[in-house]
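Student: Hey, I've got a new structure open and could use a quick tour. Can we start with the basics?

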Amino acid sequence: MYAMKFDANRNFIWTEVPDPERKAGEVIIDIRAAGLNRADLLQCAGNYPPPPGWPEWPGLECAGVISQAGADSRWKVGDQVCALLGGGGYAQKVAVPEAMVLPVPRGFSMTQAAALPEVFATAWLNLIIEAGLKKDDRILIQAGASGLGIAAIQLAKAFGAEVITTVGNEQKEETVRKLGADIVINRKKEKISAVLAEHPIDIALDCVGGPALGECFDTMARGGRWILIATLAGTQTEISLRSVLSKGLRLIGSTLRSRSTEMKGRILADLESNLWPLFENKQMQPFIYRVLPMTEAAEAHSILERQENIGKVILEN
């Protein structure tokens, strides 16, 4: 098979690699489409290696067709599925633990299905499991027009939450308002902490970090939970410990990729039970910005680097 590896200068190269070998409890998926995520950019820069046992090339989610499965598996050869991966999506085939595989929602294309596993699993892990989201919570979702942001807004609204989100331009603002965002902050025109001071939040889903985290942290409502999933704006900030004590605030670091296969399986089972019916009834949907051939992974990464996408970028075989 072929996969998208790196050369000595960390440029993509579509090169032949050995086919994956199925272990007990795994299936082989012939990949039709793979979703891009910002973690892929970090991996390409050499800063986010895959967990042990996963391929060295990037790709955290895919959709395709089962080509090998165990005799006692839930999955059968020919099943159309999507999957959460520790890596290896930028390829023609991948071996995946059965628990990390989901059926393609009824009526969805492979391209649409490839846009689901990583972002909706991340949103579920952090909003439902880590933050304990409940009806009428007020939530800040950073980068609301990203693939994750769009997933998180839809999930939060489905649970009856009020959503504040940040964007970088008017087009993205229009998109998130259509999704139901209640307050939209254009980060190039408004100071996030000033808005949050007027609208204290219960939960933050933050992929930005940096100095703004500290500026915003003590504006939270009592018992607030700030979930930090990435540090795109830097790793240093200053937090008022008085607010932590007086309001009982929590700062929680969380990444999906580092979780165990068992934990990921539980998250995906929750998605299938709770969100798949919403996808099939068209109450929720993935937003796909652009679809490119797998061999054009470099251009796909450039789109994310320029932050031009509204929703997901997908690679197809």
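Tutor: Sure. Helices (H or I, at least four residues) and strands (E, at least two) are DSSP runs, numbered from the N terminus. The protein has 11 helices and 15 strands.

Student: And how compact is it?

Tutor: As compact as a globular protein of its length, because its radius of gyration is 19 Å, close to the 20 Å that the globule rule gives for 317 residues. That radius is taken over C-alpha atoms, and the rule is 2.2 Å times the number of residues to the power 0.38. Before we go on: this is a predicted model, where local features need pLDDT of at least 70 and side-chain atom pairs count only at pLDDT 80 or more, while totals for chains, interfaces and linings use all residues. Residues are numbered from 1 along each chain as its sequence is written, and side-chain values use heavy atoms, with hydrogens and water left out.

Student: Got it. What box do the C-alpha atoms fill?

Tutor: Roughly 55 × 45 × 35 Å, taken along the principal axes.

Student: How much of the protein is buried?

Tutor: Buried residues make up 52% of the 317. Buried means under 20% relative accessible area, exposed over 50%, and partly exposed in between (1.4 Å probe, protein chains only).

Student: Which helix should I look at?

Tutor: Try helix H3, residues 117–130. Of its 14 residues, 12 are buried, so H3 is largely enclosed by the rest of the structure. Among the buried ones are Phe 120, Trp 124, Leu 125 and Leu 127. After H3 comes Gly 132, with a positive phi near 65 degrees.

Student: Which residues touch the most other members of the largest nonpolar core?

Tutor: Ile 29, Val 96, Phe 120, Leu 127 and Leu 275, out of 85 residues in that core. H3 gives the most to this core, with 8 residues. A nonpolar core here is a set of buried Ala, Val, Leu, Ile, Met, Phe, Trp, Tyr and Cys residues joined through side-chain atoms within 4.5 Å. Apart from the largest core lies another, of 15 residues, including Val 195 and Phe 217.

Student: What does Ile 29 touch?

Tutor: Leaving out residues up to four places away in sequence, its contacts (heavy atoms within 4.5 Å) include Cys 62, Ile 66, Val 81, Val 96 and Val 101.

Student: Switching topic: is Cys 207 buried or exposed?

Tutor: Cys 207 counts as buried, at 12% relative accessibility. It sits in the loop between strand S11 (203–206) and helix H7 (211–217). Beyond residues up to four places away in sequence, Cys 207 touches Gln 142, Ala 143, Ile 229, Ala 230, Thr 231 and Leu 232.

Student: And Ala 71, buried or exposed?

Tutor: Ala 71 is exposed, with a relative accessible area of 81%. You'll find Ala 71 in the loop between strand S4 (61–68) and strand S5 (80–84). From Ala 71 to Ser 243 is 56 Å, C-alpha to C-alpha, and they are 172 residues apart in sequence.

Student: Which non-glycine residues have a positive phi?

Tutor: Asp 136 is one of them, at about 75 degrees. Asp 136 lies in the loop between H3 and strand S8 (138–141), and is exposed, with a relative accessible area of 55%. Lys 282 also has a positive phi, near 65 degrees. Lys 282 is in the loop between helix H10 (276–280) and strand S14 (288–293), and is exposed at 73%.
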